[in-house]
2 protein chains.
Amino acid sequence: MTAVPEVLGRARQLVTPILKTAVDSLTDEMRLPAAYHFGWMDREGNPIPDGGGKGIRPALAVLSAEAAGAAGEVGALGGAAVELIHNFSLVHDDIIDDDTERRHQPTVWAAWSVGDAVIVGDALHTLAFELLLDEITPERVAAAQRLARGTSAMIAGQSDDMSFDRRPRVTLADCLEMEARKTGALLSFAASVGAVLAGAPAATVEVLETYGHHLGIAFQAVDDVLGIWGDPSVTGKAAGNDLRERKRSMPVAAVLEGGGETANQLAAAYTERDTDFSVEKLADMIADAGGRSITEQIAADHLDLALEAASSDHLQKAAAAELATVAQFVVDRSF
Amino acid sequence: MTAVPEVLGRARQLVTPILKTAVDSLTDEMRLPAAYHFGWMDREGNPIPDGGGKGIRPALAVLSAEAAGAAGEVGALGGAAVELIHNFSLVHDDIIDDDTERRHQPTVWAAWSVGDAVIVGDALHTLAFELLLDEITPERVAAAQRLARGTSAMIAGQSDDMSFDRRPRVTLADCLEMEARKTGALLSFAASVGAVLAGAPAATVEVLETYGHHLGIAFQAVDDVLGIWGDPSVTGKAAGNDLRERKRSMPVAAVLEGGGETANQLAAAYTERDTDFSVEKLADMIADAGGRSITEQIAADHLDLALEAASSDHLQKAAAAELATVAQFVVDRSF
């Protein structure tokens with residue numbers, strides 16, 4: 001079986017040149033903040049060798065072409081488009097969440113300004129559609145249609161997430177639905193776009209979408225655990241960040257839903273921010289009340305569902321095995 | 001000849017239902033700020049009868065279908081898509097420019113929050129592409145491709161505009177180029193999308209694009225004059241707003257380029273914001289040095305070019321006459 005770093009590296013080699021050419025089309029003013037956000041350059045414009053994210057989405061796009069029996073190259077364009085959308089959303093979410101750091105570096109709005117981060121995100125957003133529709137083929141158009149729908153779902157999920165702060169009650173089901181939209185929809189697109197671009201049959205595309213959907217929820221469950229108990233040197237975010245921001249993530253929703261004394265204390269801590277409980281104390285309370293184990297179980301269950309989809313007969317075996325490895329890697333990054 | 005209000009009203013009747021259905025697909029949290037921005041509801045969600053903007057872009061979209069010999073309905077979808085893009089850009093530009101009022105009302109970020117304005121703008125942006133690509137036909141796909149390119153140009157123009165504050169020198173040519181991208185590209189799309197959706201020949205589409213391009217520059221020249229000398233009760237913006245913000249618009253660039261004593265004083269006022277000159281004094285200086293008349297001449301020249309394009313033999317006469325009337329109306333709103 002191929003090792004994950006090899007798979008990610010191969011996909012990155014196919015996708016990054018397309019992505020860099022697209023970003024090069026931006027104005028002088030936007031090019032640097034965009035390249036900085038992608039991890040290709042520092043703030044002053046010096047290139048960062050081997051910079052850039054892990055590239056899970058490009059890997060899914062490339063593997064999904066191979067899983068449909070096509071060359072990986074066929075999925076690369078879709079991988080670049082999904083990276084543009086994913087990164088526009090990160091640049092804008094950092095404004096919305098008032099986050100000053102990402103991957104141990106100042107976020108775009110913190111390094112430049114809110115206005116710069118707004119316009120750079122907008123440019124990456126449009127660029128994804130411009131790229132897919134640069135030439136018109138039935139496969140590219142189908143991919144663009146799916147990307148528009150996936151992006152709408154992602155934005156709706158982010159809007160739901162924002163609304164959680166204002167709602168009196170957020171159930172675990174609300175959380176799962178929100179995260180299926182916020183993360184699942186775009187991962188579902190990433191994990192099927194290669195097959196769409198390869199003109200694969202609907203059954204093949206659907207099973208890949210199912211894989212991506214469950215991987216998205218598993219991924220987000222892991223993220224929610226890391227947001228409370230993660231090691232800052234690994235996550236790149238401050239310890240207990242989600243608790244400090246009183247984010248209603250899965251572990252919190254699970255405890256609140258369970259009821260009892262801890263739920264009442266937690267609800268009070270979330271309603272009145274100037275509580276006596278420290279972030280460490282809250283983390284312990286949530287873990288003791290089962291919030292961590294429930295969320296880890298959700299991650300494990302959805303990983304199983306993703307692996308089941310990846311084992312479908314509609315997929316080419318070698319690529320499907322790599323999809324399974326990538327899914328395992330995504331969930332194992334923490335526990 | 002048909003009166004402008006009748007033309008605008010007819011286009012609005014075709015476009016607004018499509019636009020409202022699209023906005024209804026947003027999450028509960030985003031629907032109200034979006035409807036408020038479009039002028040359909042007040043902040044509390046009470047409907048505003050006959051609310052909404054003038055609808056120049058929907059009118060251009062509908063007329064461009066008719067100019068290509070099709071029914072106006074054929075252009076309505078394109079009119080809705082261009083309104084979504086135009087309004088996403090307004091919501092975001094108000095954040096970027098730190099503007100607290102638009103059409104005599106608080107802007108979305110001022111009425112809700114910057115985060116809400118970011119996500120609502122993002123949702124409208126995606127919705128434009130989702131709407132056009134909801135069904136796949138060669139005409140819709142061609143329109144979506146053009147919209148992606150037009151939106152990229154618009155964003156690049158906004159980025160250029162932002163960069164002017166940081167540049168030591170901005171020429172009148174820089175201004176014109178920036179405004180051709182910022183306003184001209186999307187008006188060019190609006191003024192041709194009906195013909196694109198009607199499957200019109202390239203020559204018809206091109207002449208309509210030319211019309212829209214020049215109308216965009218004329219429109220922006222008028223806007224720049226109004227930004228300095230406009231009546232606040234008409235513009236909905238504070239008097240002398242562009243001068244207070246030291247915006248490098250066409251009248252300012254024209255004076256700076258002309259050189260001489262006034263240019264030196266103006267350059268000093270723009271470099272050191274705590275100058276002795278009041279906004280009224282600056283407005284007089286710019287007018288005396290010819291900045292106003294040069295910009296009015298630019299508006300008149302580009303109106304002529306737009307009218308020339310509208311007189312092309314490639315266009316149906318009745319619709320072309322209405323396009324000419326709309327162009328005249330857009331430029332006449334001030335002087």
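Let me start with helix H12 of chain B, where the buried residues are Met250(B), Pro251(B), Val252(B), Ala253(B), Ala254(B), Val255(B) and Leu256(B). Please keep in mind throughout that this is a predicted model, and that every value I mention is computed from it. Since 7 of the 9 residues of H12(B) are buried, the helix is largely enclosed by the rest of the structure. What does the covering? Among the elements that cover the buried residues of H12(B) are helix H8 (172-197), H9, helix H13 (260-271), helix H14 (279-288) and H15, which belong to chain B as well. Directly after H12(B) comes Gly259(B), and the phi of this glycine is positive, near 75°.

On the other side of H12, if you go back along the chain, there is a residue worth a moment of your attention. Arg246(B) sits in the loop between helix H11 (241-244) and helix H12 (250-258) of chain B, and its phi is near 55°, a positive value in a residue that is not glycine. As background, most residues other than glycine have a negative phi. Is Arg246(B) buried or exposed? With 15 other C-beta atoms within 10 Å, Arg246(B) counts as partly exposed. In chain A, Arg246(A) is likewise placed in the loop between helix H11 (241-244) and helix H12 (250-258), its phi is also positive and near 55°, and it is partly exposed, with 15 other C-beta atoms within 10 Å.

Staying with chain A, let me follow two distances that start from helix H11. Arg244(A) lies in that helix and, with 13 C-beta neighbours inside 10 Å, is classed as partly exposed. Ser278(A), for its part, belongs to the loop between helix H13 (260-271) and helix H14 (279-288) of chain A, and it is exposed, having 12 other C-beta atoms within 10 Å. These two residues are 34 residues apart along the chain, and their C-alpha atoms are separated by 8.8 Å. If we turn instead to Ala198(A), which is 46 residues from Arg244(A) along the chain, the separation of the C-alpha atoms is 45 Å.

Now to another helix in chain B, namely H16, which covers residues 317-332. At 1.5 Å a residue, its 16 residues should span 22 Å, and the C-alpha atoms at its ends are indeed 22 Å apart, so the expectation and the model agree. Which residues of H16(B) are buried? They are Ala319(B), Ala320(B), Glu322(B), Leu323(B), Val326(B), Ala327(B), Val330(B) and Val331(B), so you will notice a glutamate in the list. These buried residues pack against helix H1 (4-24), helix H3 (56-67), helix H9 (202-229) and helix H15 (291-310) of chain B.

Stepping back to a whole chain, the secondary structure of chain A comes to 16 helices and 2 strands. A compact globule of 335 residues would have a radius of gyration near 20 Å, and chain A has 20 Å, which agrees. Along the principal axes, its C-alpha atoms fill a box of roughly 60 × 50 × 30 Å, and 54% of the 335 residues of chain A count as buried. If we take the contacts in chain A between residues at least 6 apart in sequence, 70% of them join residues at least 24 apart.

Next, the way the two chains meet. The contact takes 33 residues from chain A and 33 residues from chain B. On the side of chain A that touches chain B, helix H2 (28-38), helix H4 (73-96), helix H6 (114-132) and helix H7 (138-164) each supply at least two residues. H7(A) gives the most to this side, with 14 residues. By type, the residues on this side of chain A divide into 17 nonpolar, 11 polar and 5 charged.

How are the copies arranged? A rotation of 180°, with 0.0 Å of shift along its axis, superposes chain A on chain B with an RMSD of 0.0 Å, and the two copies are thus related as by a two-fold rotation axis. In addition, 100% of the interface residues of chain A are also interface residues in chain B, so the copies meet through the same surface.

Finally, a word on confidence. The mean pLDDT of chain A is 93, and 98% of its residues reach 70 or more. For the complex, the predictor gives an ipTM of 0.95 and a pTM of 0.95. Where pLDDT is low, the predicted coordinates should not be read in detail.

Key
Residues numbered from 1 in each chain as written. Chains lettered and ligands numbered in written order. Predicted model: local features only at pLDDT ≥ 70, side-chain atom pairs only at ≥ 80, totals over all residues. Least-squares fit on C-alpha atoms with pLDDT ≥ 70 in both. Contact = placed C-beta atoms within 7 Å. Helix = DSSP H or I, 4+ residues; strand = E, 2+ residues; numbered from the N terminus. Expected span 1.5 Å × (residues − 1). Buried ≥ 20, exposed ≤ 12 C-beta atoms within 10 Å, placed from the backbone. Nonpolar A, V, L, I, M, F, W, Y, C, P; charged D, E, K, R; others polar. pLDDT = per-residue confidence, 0-100. Rg over C-alpha atoms; globule rule 2.2 N^0.38 Å.
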